[in-house]
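Biologist: I'd like to learn how to read a model like this one. Could you walk me through it, feature by feature?

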Amino acid sequence: MQNTQNYIQNNKEKFLNELIDLLRIPSISADPAYATNVHDAAQSVADHLTSAGADNVTIYQTKGYPIVYGEKMIDPSLPTVLVYGHYDVQPADPLELWDSPAFEPVIKTTAIHPEGAIFARGACDDKGQMFMHVKAFEAMVKSGELTCNAKFMIEGEEEVGSVHLGTFIKEYKELLKADIILVSDTGMLANDTPSITTGLRGLSYVEVEVTGPNRDLHSGLYGGCVANPINILAKMIASLHDENNHITIPGFYDKVEELTRAERDEMAKAPFSHDAYCKALDINNVYGEASYSTMERGSIRPTLDVNGIWGGYTGEGAKTVIASKAYAKISMRLVPHQVPDEITELFKTHFESIAPEGTKVVVTPHHGGDPVVTPVDSIAYQAASKAYETTFGKPAIPVRSGGSIPIVALFEKVLGLKTVMMGFGLDSDAIHSPNEHYGLFNYYKGIETIPYFYKNFAEANRK
Ligand code: BES
Ligand code: MN
Ligand code: MN
């Protein structure tokens with residue numbers, strides 16, 4: 001791997017400048033106004049794959065945004081690594097909260113990133129992390145040290161629920177044949193505490209609409225006499241958690257897997273500072289489900305959160321009005337064995353049942369996704385763990401994450417493939433938030449670590 005590592009060291013500036021150019025493209029998949037940019041990002045990824053040395057680079061059109069594919073099949077007797085990532089990004093708003101424009105990348109140092117970090121939407125999620133794979137691949141190809149066959153599948157709809165990727169992988173099973181899927185779209189504990197993500201939560205996302213009277217009313221003439229949809233919605237939402245912050249939807253926990261004391265003790269070994277956690281978020285305490293630690297609340301326990309709530313008058317000054325309608329968007333993060341469609345159904349039945357007389361409730365399901373846990377005793381996990389040991393000087397800790405990448409469960413169902421999640425982001429990198437950034441340390445460390453995965457994985461498969 002020496003030539004590969006030398007190539008990386010000699011091309012650090014080029015690797016950084018190329019990422020910066022990719023980050024300039026506002027490939028926001030959620031907003032149709034950016035459609036051209038999303039397509040431009042796909043083209044750019046395809047061009048980068050080609051110049052890195054990939055063959056058969058193809059932009060597969062879908063009914064939504066395209067999927068970029070590329071491969072390098074060097075020897076049918078070698079194992080094949082399929083890299084998945086996404087080139088689309090979250091919307092950048094609220095724009096006024098960015099210290100510098102979201103699509104004009106700048107490098108600044110922070111307390112956590114003394115070597116500097118790239119500030120831009122998508123820097124960490126996921127352009128920066130996806131691009132590490134393209135650059136690691138380039139380094140291996142150009143130095144003649146690619147040890148596995150490699151395939152790339154980079155999509156442009158992850159942030160809107162990977163709408164067309166499911167159909168794509170069903171249709172292209174043969175093309176996507178591989179031994180393992182490799183993803184960098186998660187995080188690690190800290191720059192001196194590498195970790196491998198061994199679980200993701202699933203997701204059930206719903207929108208609710210509460211209707212009271214057929215029109216907005218004078219809050220003096222009608223106040224006290226009719227159900228105010230905003231009051232009612234607030235009450236209904238509040239009732240979804242009890243005094244222990246358990247979710248009150250009947251059946252919600254039925255399939256939740258309770259971890260053993262031993263498993264929970266193992267989890268508790270991962271370093272966690274309550275004070276640093278609070279300080280970083282400017283809160284005087286954490287909040288959550290009774291009898292579980294913060295780490296557990298954010299990974300092995302299911303949750304229900306309102307993501308947005310609106311209705312009535314929210315403009316300047318005061319308007320005395322009872323709104324006809326109130327709305328909320330609610331996400332439920334799910335843990336192994338919970339089934340998104342079932343949870344959505346349980347929510348709908350319960351939410352409709354608690355609507356008081358004088359109101360109408362409509363629950364509309366949005367996208368969902370299955371939770372995943374990945375094995376730690378597999379060849380692939382061991383190959384990854386050894387790779388971290390080489391570049392960080394210590395083994396990675398297995399950690400289950402709270403986030404969701406719904407397609408990972410489908411990879412297993414449709415392609416029969418396990419995924420290794422080598423995430424290099426930090427929770428403090430502000431993904432989906434203003435001032436998203438990605439440490440230069442993390443970017444380069446990722447590029448350095450990935451080739452060792454290929455090497456270890458090839459060696460382990462030979463045995
Ligand atoms: N990369 C994230 C998911 C993630 C981040 C997992 C950090 C673990 C650690 C991904 O792009 C994402 O944002 N997923 C969405 C779900 C999707 C259906 C919109 C999420 O988790 O909210
Ligand atoms: Mn992502
Ligand atoms: Mn994301």
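Modeller: We'll take the metal site, then a strand, then the empty space inside. This is a predicted model, where local features need pLDDT of at least 70, side-chain atom pairs count only at pLDDT 80 or more, and totals for chains, interfaces and linings use all residues. Residues are numbered from 1 along each chain as its sequence is written, chains are lettered from A and ligands numbered from 1 in the order written, and side-chain values use heavy atoms, with hydrogens and water left out.

Biologist: Which protein atoms are the donors of the manganese ion (ligand 2)?

Modeller: Donors are N, O and S atoms within 2.8 Å of the metal (3.2 Å for Na, K and Ca), and water is not among the atoms, so sites may look incomplete. Here they are His86 (NE2), Asp125 (OD) and Asp185 (OD), the last listed twice, lying 2.0 to 2.5 Å from the ion. Along the chain the spacing reads H-x38-D-x59-D.

Biologist: Why is the arrangement around the manganese ion (ligand 2) irregular?

Modeller: Ideal angles are 90 or 180 degrees for six octahedral donors. Six count as octahedral if opposite donors are over 155 degrees apart and all others between 65 and 115. The six donor atoms here subtend angles of 56 to 166°, so the arrangement is irregular.

Biologist: Which residue bridges the manganese ion (ligand 2) and the manganese ion (ligand 3)?

Modeller: Asp125 does, and the two ions lie 3.6 Å apart.

Biologist: Is Asp125 buried or exposed?

Modeller: Buried means under 20% relative accessible area, exposed over 50%, partly exposed in between (1.4 Å probe, protein chains only). Asp125 has 7%, so it's buried. Asp185 is buried too, at 11%.

Biologist: Now a strand. How many residues of S6 are buried?

Modeller: Strands are DSSP runs (E, at least two residues), numbered from the N terminus. In S6 (residues 149-155), seven of seven residues are buried. Two strands pair if DSSP finds at least two bridges between them. S6 pairs with S2 (residues 67-72) in the antiparallel sense over five bridges, and with S3 (residues 80-86) in the parallel sense over seven. The metal donor His86 has Glu155 as its bridge partner in S6.

Biologist: And the empty space: which residues line the largest cavity?

Modeller: Rolling a probe the size of a water molecule over the atoms shows where empty space is left. A cavity is a set of points on a 1 Å grid over the protein atoms alone where a 1.4 Å probe fits but cannot get out, and lining residues have an atom within 4 Å of a point. Among those lining the largest cavity are Ile180, Thr374, Tyr381 and Lys418. S17 gives the most to the lining, with three residues.

Key:
On a 1 Å grid over the protein atoms alone, a cavity is a set of points where a 1.4 Å probe fits but cannot get out, and a pocket is an open set with protein on both sides within 12 Å along at least five of seven lines; lining residues have an atom within 4 Å of a point. Helices (H or I, at least four residues) and strands (E, at least two) are DSSP runs, numbered from the N terminus. Four donors count as tetrahedral if all angles lie between 85 and 135 degrees; four count as square planar and six as octahedral if opposite donors are over 155 degrees apart and all others between 65 and 115; anything else is irregular.
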